[in-house]
Amino acid sequence: MTVADPGQRPVPQALTTTGRVRGEHDGGVAVFRGIPFALPPVGDRRFDAPSPVAAWTGTRDAVAFGPPPPQGGHFGMDSLSDDGTGDWLTLNVWTVEPGGASRLPVLVWVQGGGYVIGTSGLPEYDGARLARENGV
């Protein structure tokens, strides 16, 4: 689903199981960044299975990558520090047709790094080309 802003290109929106998100166009596709999929693993939840994220009302902006998990810099990468919230459980979605009726194939990429390197915002994990050229 898209929503038109007067005088601008339509803004991509999608409905998730926990609420509506607003993304942006990038690289010829719609992209939604930093969508939370579980509560932050802090306090009593630190070593438990993920807990469902609370539903939200209204439309949530999904235009920025979620924060990186805490890790040290190795292998020529800069050290990344979390923002203190522990809110690293987010996902990014690239699609050619947000909210469309067609059933597109889905590729789930879990970036790893063993608490040493990596974050979902690295350019290597950008899904625009895969979505644009392969409809994934």
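This report walks through the fold, the strand pairings, the cores and a few side-chain contacts of a predicted protein model.

Because the model is predicted, local features need pLDDT of at least 70 and side-chain atom pairs count only at pLDDT 80 or more, while totals for chains, interfaces and linings use all residues. Residues are numbered from 1 along each chain as its sequence is written, and side-chain values use heavy atoms, with hydrogens and water left out.

**Overall picture**

The protein holds 1 helix and 7 strands, where helices (H or I, at least four residues) and strands (E, at least two) are DSSP runs numbered from the N terminus. Read from the N terminus, the order is β-β-β-β-β-β-β-α. Of its 136 residues, 29% count as buried; buried means under 20% relative accessible area, exposed over 50%, and partly exposed in between (1.4 Å probe, protein chains only). The accessible surface is about 8,600 Å², and carbon and sulfur atoms own 56% of that. These areas come from the Shrake-Rupley method with a 1.4 Å probe, and for residues only the protein chains shown count as cover. Taking contacts (heavy atoms within 4.5 Å) between residues at least 6 apart in sequence, 60% join residues at least 24 apart.

**Strands and their partners**

Two strands pair if DSSP finds at least two bridges between them. Here are three such pairings, each with one pair of facing residues.

| Strands | Sense | Bridges | Facing residues |
|---|---|---|---|
| β2 and β3 | antiparallel | 3 bridges | A14 and V21 |
| β4 and β5 | antiparallel | 3 bridges | H25 and A30 |
| β5 and β7 | antiparallel | 5 bridges | F32 and V93 |

Strand β5 appears with both β4 and β7. All 8 of the 8 residues of β5 are buried, so the rest of the structure largely encloses this strand. Strand β2 (residues 11–15) is mostly covered too, with 4 of its 5 residues buried.

The turns are worth a look if you like backbone torsions. The hairpin of β2 and β3 has 4 residues between the strands, and G19 there takes a positive phi near 155 degrees. In the hairpin of β4 and β5, with 2 residues between the strands, G27 has a positive phi near 65 degrees. T17 also belongs to the loop between β2 and β3, and T17 is exposed, with a relative accessible area of 85%. Its C-alpha atom is separated by 9.9 Å from that of V53, 36 residues away along the chain.

**Cores and contacts**

A nonpolar core is a set of buried Ala, Val, Leu, Ile, Met, Phe, Trp, Tyr and Cys residues joined through side-chain atoms within 4.5 Å. The largest one has 7 residues: A14, V21, A30, F32, I35, W56 and A62. Strand β5 (residues 29–36) gives the largest share, 3 residues. Another core, of 5 residues, lies apart from it and includes V29, V31, A128 and A131. Within the first core, V21 touches several residues beyond four places away in sequence, among them A14, F32, I35, W56 and A62.

Two arginines sit over rings, meaning that NZ of Lys or CZ of Arg is within 6 Å of the ring centre and within 35 degrees of the ring normal. The charged end of R33 is 5.2 Å from the centre of the F65 ring, and R46 lies over the face of F47 at 5.1 Å from the ring centre.
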